[in-house]
Amino acid sequence: MSDDSNGHHSREEFHEDPLGHADVWAGMSVGDLATEYGKAGIGAAEMGRAVDVYAEMLGRDDVTNFFGLAGAMVPGGMRQVVTDLIRDGHIDALVTTGANLTHDSIEAIGGKHHHGRTADSGHERDHDEQLRDEGVDRIYNVYLPQEHFTLFENHLRERVFDEFDGVVATSEFTHALGRANLEANDENDVSEDAGIAAAAYEHDVPVFVPAIQDSVLGIQAWMHSQVSAFTLDALADLTNITDVAFDAEKAGATVVGGGVPKNFVLQTMLTVPDAYDYGVQLTTDPATTGGLSGATLDEARSWGKMEKSAKNVTVVGDATITLPLLVAAARDRIE
């Protein structure tokens, strides 16, 4: 590609990287599919590039991987994907929501989410009023019986809260939660995997929940603080995650969804000399609103959160579709 005297690109650029047409066949691997996406345009091209970047991140031993998990990813069925990433050494620090850990713990101790449905148009209120009467919570097309929250609350009181007497960081609290989930899962012979917090506990991966009060887990922690000396110190985790970033030779960010987990992952690099060398973002939000959840990783470069030379991709789409594809294709590439 060459420039004219005014800095405009000449037509030569159109000959350098012609678009190809994706080919699909029976028995193709997910890695093959990602390669075919890379030949195409629009969202497929971004997905193909995201797999390239993510596979390079995971394939390098000198990259510390930070993972932000927002949204309803656990009740949405992404729990095992994240759990296995932790177990395989592909997440070095996890930033998530209290809600995701609540749902993760419910599954660990024997509760289950169920396939449900959204209401027919015009009948949404009747549908949800009926669920309210039946004691069922709805997360889009997923149902959760409310008695599982009682099970979770008893679990916290019996196995977690008594560990502490005083001020603790949320990452210390989630470490104890992971241990408790693992023990309850084993003792009760629960058929479901012990899950995200348990895997993080086993593999010494810190789990940060910077907005823990915005969840049932946070509400239960607050209730316990009313009758004990226990309380959570959110600021302590700024020290803990900064230590991880400071020790990183190179760093990569994988951000699923937006909100607090996304910003907490990215802002970590504002307190250390370096910035992220790699970044992949999966979001449903467009950048045009100016909101945090849709802000591109290119924008993060202007803040010094991404290196100028960083390889980064933003993929717009439902993360319950894009996350399994990203992880499976990257695993194909590196394994």
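**Exercise 1. Which residue in E5 stands opposite valine 136?**

Solution. This is a predicted model, in which local features need pLDDT of at least 70, side-chain atom pairs count only at pLDDT 80 or more, and totals for chains, interfaces and linings use all residues. Residues are numbered from 1 along each chain as its sequence is written, and side-chain values use heavy atoms, without hydrogens and water.

- Start with the strands, which are DSSP E runs of at least two residues; helices are H or I runs of at least four, and both are numbered from the N terminus.
- E4 and strand E5 (residues 142-145) run antiparallel, joined by four bridges. Pairing takes at least two DSSP bridges.
- Proline 145 in E5 faces valine 136.

**Exercise 2. Place E4 and E5 in their sheet.**

Solution.

- The open sheet has three strands in the order E3-E5-E4, paired antiparallel.
- Strand E3 (114-115) and strand E4 (136-139) are the edges; each has a single partner strand, so one side of each lacks a neighbour in the sheet.
- Helix H6 (residues 147-159) packs on the sheet and touches E4 and E5. Contact means heavy atoms within 4.5 Å.

**Exercise 3. Describe how H1 meets H13.**

Solution.

- Helix H1 (residues 30-39) and helix H13 (residues 319-334) pack at about 105°, axes 7 Å apart. Axes are lines fitted to C-alpha atoms over the stretch in contact, and angles run from 0 to 180 degrees between N-to-C directions.
- H1 is therefore roughly perpendicular to H13, a class that covers 65 to 115 degrees.
- On the H1 side, the contact residues include Leu33 and Tyr37; on the H13 side, they include Leu325 and Arg333.

Terms used:
Parallel < 35°, antiparallel > 145°, perpendicular 65-115°, else oblique.
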